[in-house]
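Student: Hi! I have a structure open on my screen and would love some help reading it. Could we go through it together?

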Amino acid sequence: MWNAGAVTVYRIRIEGPAALAVRVATNLADADGLELTSSEQPSIVDENSVELSVTVEGKHDDVARAVSSIRDELPKGSSIEIAD
């Protein structure tokens, strides 16, 4: 049975303009109940976009809430997802 109260490590993938990816990572670091534990170097997707993977620790519900809140504000063509 899944325990929504357990603190777990999650990898989150962000894709979009470089400035946006950095801002999203900062928002995750500032989100209630989350701790940003690592960040990979951004990789270039195309001339307008990068992909950035970050790792956070937190309860599943807190991670899902933060990702959903950020996703609602992303511009068209940008994305955020819990990768694992």
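Tutor: Happy to; we can talk about the salt bridges, the core, a hairpin and a pocket, and please keep in mind that this is a predicted model.

Student: Good to know. How many salt bridges are there?

Tutor: The count comes to four salt bridges. Arginine 13 is a good place to start, as this residue forms a salt bridge with glutamate 15, where the closest N and O atoms are 2.9 Å apart.

Student: Is arginine 13 buried or exposed?

Tutor: Arginine 13 counts as buried, because its relative accessibility is 16%, and the cut-off for buried is under 20%.

Student: Which salt bridge links arginine 13 to strand E4?

Tutor: That one is with glutamate 51, at 3.5 Å from N to O. Arginine 13 sits in strand E1 (residues 7-16) and glutamate 51 in strand E4, so this pair ties together parts that are 38 residues apart in sequence. Glutamate 51 itself is partly exposed, with a relative accessible area of 26%.

Student: And what about glutamate 81, what does its side chain meet?

Tutor: The side chain of glutamate 81 meets that of arginine 13 in a salt bridge, 2.9 Å from N to O. Glutamate 81 belongs to strand E5 (residues 79-82) and arginine 13 to strand E1, so here the parts tied together are 68 residues apart in sequence. At 34% relative accessibility, glutamate 81 counts as partly exposed.

Student: Which residues end up in one network, then?

Tutor: Arg13, Glu15, Glu51 and Glu81 do, joined by salt bridges that share partners.

Student: While I have glutamate 81 selected, how far is serine 68 from it in space?

Tutor: Their C-alpha atoms are 8.8 Å apart, and the two residues are 13 apart in sequence. You will find serine 68 in helix H2. Serine 68 is partly exposed, with a relative accessible area of 33%.

Student: Let's switch to the hydrophobic side of things. Which residues of the largest nonpolar core touch the most other members?

Tutor: That core has 20 residues, and those touching the most other members are Ile12, Ile14, Val24, Leu28, Val54, Val63 and Ile80. E1, H1, E4 and H2 each supply at least two residues of this core.

Student: Which of them gives the most?

Tutor: H1 does, with five residues in this core.

Student: Back to E4 for a second. How does E4 run relative to strand E3?

Tutor: Strand E3 (residues 43-46) and strand E4 (residues 49-59) run antiparallel, with three bridges joining them. They form a hairpin with two residues between the strands. If you want a pair to click on, isoleucine 44 has valine 50 in E4 as its bridge partner.

Student: Found it. Last topic: what is the volume of the largest pocket?

Tutor: The largest pocket has a volume of about 160 Å³.

Student: Which helices supply its lining?

Tutor: Helix H1 (18-30) and helix H2 (60-71) each supply at least two residues of the lining. H1 gives the most to the lining of this pocket, with four residues.

Student: And what kinds of residues line the pocket?

Tutor: The lining divides into seven nonpolar, two polar and two charged residues. Among the residues to highlight there are Leu20, Arg23, Asn27, Ile70 and Glu73. Val24 is also in the lining, and you met Val24 earlier among the core residues that touch the most other members.

Key. Residues numbered from 1 in each chain as written. Predicted model: local features only at pLDDT ≥ 70, side-chain atom pairs only at ≥ 80, totals over all residues. Heavy atoms only, no water. 1 Å grid on protein atoms, 1.4 Å probe; cavity = no way out; pocket = protein on both sides within 12 Å on 5 of 7 lines; lining within 4 Å. Points joined across faces, edges and corners; volume = space filled by probe spheres on them. Nonpolar A, V, L, I, M, F, W, Y, C, P; charged D, E, K, R; others polar. Pairing = 2+ DSSP bridges. Buried < 20%, exposed > 50% of the residue type's maximum accessible area, 1.4 Å probe, protein only. Core = buried A, V, L, I, M, F, W, Y, C linked by side-chain atoms within 4.5 Å.
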